[in-house]
Structure formats: structure tokens, C-alpha cells
Amino acid sequence: MTEFIQQVINGLSLGSIYALIALGYTMVYGILRLINFAHGEVFMVGAYAGYYAASAFGIDAYERGGRAFPLVLAVAVLLLAMAAAAALGTTIELLAYRPVRKAPRLTPLITAIGVSLFLQNAGMLVFGPNPRRYPPILKEVPFEIGGVIVTNIKVTIFVVALALMTALRFFVLGTWTGRAMRAVSIHPDAARLMGIDVDRTIRACFAIGSALAAAGGILFGLDQIMINPLMGVLTGLKAFVAAVLGGIGSIPGAVLGGVLIGLAEQLTAGYLSPDYRDAITFVILILVLMLKPEGLLGVVKQEKV
Amino acid sequence: MSDLALEIRDLRVAYGGIVAVKGISLDVGRGEIVTLIGANGAGKTSTLKSIVGLVPPISGTIRLFGRDLRGVPTHRIVADGVALVPEGRAVFSSMSVRENLELGSFLKREKAGREARLERCVRLFPRLGERLAQEAGTLSGGEQQMLAIARALMGDPKLILLDEPSLGLAPKLVAQIFESILEIAKSGITILLVEQNTRLALETAERAYVLVTGEVALQGSAAELREDPRIRAAYLGEDPAA
Ligand SMILES: Nc1ncnc2c1ncn2[C@@H]1O[C@H](COP(=O)(O)OP(=O)(O)O)[C@@H](O)[C@H]1O
Ligand SMILES: [Mg+2]
């Protein structure tokens, strides 16, 4: 039983990282009907931005001196990485997707794959191809509750992800920009007629989705210790499957899908074999596409004339 | 300041190679109710869409309250005080009636004004008031039409373009919608009404333009056109002798 609880805790923490990344896929899909394949690379760049920000704040010195990295600096690292990723995401939108927005759907899709490959290679060029150890922005402190070992890192991942997702919920439901996003995703021309600047709304969508992916990148670095320029490929794909599982276009769906994929992966690794931890995601993808292609919380598209 | 709300000169609209609007000119004076009538495919919707910038014209000029709209994006045109109630309503189907109305005030967010306009809309369409929390997609066709008109009013426009508000509605509802259009006009809002229901349109409007395959075939006061034998035969389905 404690073993099971242990796995569930790890699964929840991993799943909340997937959920953060899945939100970006689902928001962009909801508004542009585009699968942003470059999103995994935005996640990767976010992780590296956090890495460099922590270095700039002198994390090496703190580590050598055996002192904990101050919390305010850790928060600053998170915010800087989120800002950097938002800048990258909106630049990708402006340079790569906007020019092909009115083209047939295959064109933006291929563009997205191109941007993804470009960023993977640019990442290897700029950051170097070798994995790097993620700096201890948070010092790991394990503690035990009823025989279950929990670390402060797992708890932090869960809490930070939950806080960001709650903030997103308030933003989407409670602000004019959030409303504009929903309006554009339902009916772009009607949204224009309300006076909504659709370009600006799409940009906001990319900015927010990318910032959330960067937060996911830092939490991933904290959790997995190592990062590399290709880390966005597999993790991005898993988060995409999470978005599809939850119902692509649905924000609560992305959260649910992320958590479920995280749990499935952790339980498979724990009870079946660690060798299957990546494969289970794709088994789930195939099952969803066969049994419930609209996803758990997605709606079947019904256009009322 | 121009005394024209809308001034269209030699407007041409095309989709690919198909020219849908072939050089029409049209004026709407401030405070007027003008109707644009014509059969299906005559180019009425294309004209309205090009006014609000949803379809860019290939040539011609459109002036809104004296301002040339060439190259101005839709959200800016709307900010100048025009609202389009589109054909087919285009309500935000998965949002509540209240959210739809609030989005109508996207550019006029100031709370007191927004609430005053909401109250006015509910007085105009009591059925919407009873359904503020209901999802817009579950409204009947007539209620969706009311919502589309009310949503336009929420932006406090000076000019409203209505695209076939009677389309697909039962006669009783049509009468109700047209009563509210007259009421809206009484409050000082200029109206350009596109209709296929020629009889009703000519009863409601002061002036009319008749569009035939992308060209203005006839124009004049509504009273004149009501008596025009060509209109009576072609659009009112009347025996000229009757
Ligand atoms: N999006 C479009 N693509 C191609 N042709 C169109 C499009 N919209 C309208 N048309 C054509 O333009 C002409 C005028 O259409 P429209 O403006 O909708 O007329 P109306 O509103 O008077 O029925 C029609 O021949 C129609 O087929
Ligand atoms: Mg039409």
C-alpha cells in the first residue's frame, strides 16, 4: 500500500508537469486549430532559460558554500524563464505561423514540425549537445509520512503547477483577454465583430501557453536533474497525448489528461517494468483515438447554422 | 462632420475569380433606416461583410461617418461605432447569454454604461432576460436572433447593419423582431437592413436599394418602391392588376 501511495505521489508530480505543458497545446489548438509541434522545444528552452538565470544569480557559489539558494531568487528564475519562453512563443507565432494562418491546414502543421526541428538543432548549437545537471534551485529535503517518502521537490512541483493552473482559470474566466480567447476559439469572425483584436488575442495565447511550458521545464529540471536540448521531444509528445486524452481544446481536459498520463507512466514503471514507462503513453494515445477520439472532456464539434 | 453615416462608392467584392458585388454605390444618412433587398446570391451579405472589413473589397471606397475604411481591420471599424448582426446570428454557442452580451461590450467596458445597456436590452427582449444563464447554443432561432441584435446594442453603436434578421423565423417572431428594429431606430441609431422579406423591409425602411446579381437595379424611397410594378411583380409576388 505504501508502495502504491509512493507511486501515486510521484505520478501526480510528474503529471502536473505534463499538465502545464499540455495547456499550451490545447490553448493554441483551441484558438488556431493548430498542433504546435514546436511547443516541446519551448518547454526545453524554458528549462535552459531557468538554468542560465540560476547561474547568473550565482547559484554555483551558493552550492559551493553549502547555502540554500534564496527563495526570492528561485521565484525570479521561474519568472524570468517564463518571460523568455513567452517571448520565444510569440516570436514563433509571428514569424512562422502568422504568415501561413490562412493557408490550407497542412501548411501550418508542416511549418510547426519545421520550427520544432529548427529549435532542437539550435538548442544543440547554443546550449551544447551534452546533458547538463540542473542547478539545485530548491535543495531536496525528503520527509516521511506514514512510511511514504515524500520530497519537498515533489510537493513544490505539485503546488506550483496547481497555483499556475488556478491563475490560468481565473484569467480565462475572469478577464477580458481571457473572454476574448474563448470568443475567438468559438467563432473568430464574430469575435472580430465584438471589436476583439484577433491577432493580439492569439499572441496572448502563445505567450501564456509558452510561459506555462517554461514553468514545466524548470519543474522538470528540478525533478529529473538532467536536461538536454532534445528533452522536449518525448516530454512534449507525452504532454500532447495528455491534451488529446483530455480532449484537445479543453483546458480542464489538459489538466486531467496530464495527471492521468503522469499516473499511468509512474504506475507502469513501478508495477510492470520501467522499460514500458514511455510506451504506455502511446498505448493510451491509440486507445483514445480508437475509443473516444474527442477525448475525456472534449466536445464533439457541432456547428450550429 | 459628414451627415452620412455610410457612403459606399463603386464597391467591388470578389471571391477568387467570382465577382459578387459589381460596383455598387449606396448612402445611409444619419438616423435613417435604409434597406438593401435582393434575391439569394445578389451580394447583400458580401456588401455588409466588406463594410466591416471581414471581406476586403477589390476596389471602391467605403466611408463610415466620413472616415475612409480602406485597410482598417475589423476591430477598429467596430470601434468607430458600427455593429453587424450577421446572417445566421453567429452567437457564441457554448457561452451563456450573459457572456454573449458582455462580449458585445468588449470595447465599452465601463461598468455603469454596460449595466444600463444590459437593462435596456432586457427591456427590449424580455425573453433574453429570463435566459441570461442559459447557454446561447440552446436558444431557439428567434431567441438567438434577439441575442445577436442585443449583443450588437451592447457595443453602443451609432450604425447597425442587420443581415436577414427574419431568416428562418416564424411570422410572429419576425413581427416582434421588426418592432424592436423600429424601436432601436427611434433611439437614434442608424440602420442598414438587409432582407429577402421585401414586403416587411419596405414597410420598415425609409429608403431602399434593390440589388440584382451584384448591381443596384433600383433605388428610391420605400413608399415609391412599394408601388413600383417591377417590385410588385418580382418581389412582392403580386399580380400587378390587384
Ligand atoms: N466565401 C465565399 N466564397 C466564394 N463565393 C462566395 C462566398 N460568399 C459568397 N459567395 C458568392 O458571392 C455571391 C453573393 O453572395 P452573398 O453576398 O452571400 O449574397 P446574398 O447575401 O445576397 O445572398 C454568391 O454568388 C455567392 O455564391
Ligand atoms: Mg446573405
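A polar contact, as I shall use the term, is a pair of N or O atoms within 3.5 Å. With that in mind, I turn to the structure, which is a predicted model.

I begin with ligand 1. An oxygen atom of this ligand lies 2.5 Å from an N or O atom in the side chain of Ser46(B). The side chain of Thr45(B) likewise places an N or O atom 2.7 Å from a ligand oxygen. At Ala42(B) the partner is instead a polar backbone atom, 3.2 Å from an oxygen of ligand 1. On its own, ligand 1 has 560 Å² of accessible area, and the protein covers 61% of that.

The surrounding shell includes Tyr15(B), Ala20(B) and Lys44(B). By character, the shell comprises four nonpolar residues, five polar and one charged. Which element gives the most to this shell? Helix 1 of chain B, residues 44-51, does so, with three residues.

Next, the magnesium ion, ligand 2. Thr45(B), through OG1, and Glu87(B), through OE, coordinate the ion at 2.0 to 2.3 Å. These two residues link distant parts of the chain, being 42 residues apart: Thr45(B) belongs to helix 1 of chain B, while Glu87(B) sits in the loop between strand 6 and helix 3. With a relative accessible area of 36%, Glu87(B) is partly exposed.

Finally, I move to chain A. Helix 11, residues 251-272, contains 22 residues and spans 31 Å from its first C-alpha to its last, close to the expected 32 Å. At the start of this helix, a side-chain oxygen of Ser250(A) reaches to within 2.9 Å of the backbone nitrogen of Gly253(A).

Technical notes. Residues numbered from 1 in each chain as written. Chains lettered and ligands numbered in written order. Predicted model: local features only at pLDDT ≥ 70, side-chain atom pairs only at ≥ 80, totals over all residues. Heavy atoms only, no water. Near = heavy atom within 4 Å. Polar contact = N/O pair within 3.5 Å; in protein donor to acceptor, adjacent residues only side chain to side chain. Areas by Shrake-Rupley, 256 points an atom, 1.4 Å probe, with all protein chains shown as cover. Helix = DSSP H or I, 4+ residues; strand = E, 2+ residues; numbered from the N terminus. Nonpolar A, V, L, I, M, F, W, Y, C, P; charged D, E, K, R; others polar. Expected span 1.5 Å × (residues − 1). Donors = N, O, S within 2.8 Å, 3.2 Å for Na, K, Ca; no water. Buried < 20%, exposed > 50% of the residue type's maximum accessible area, 1.4 Å probe, protein only.
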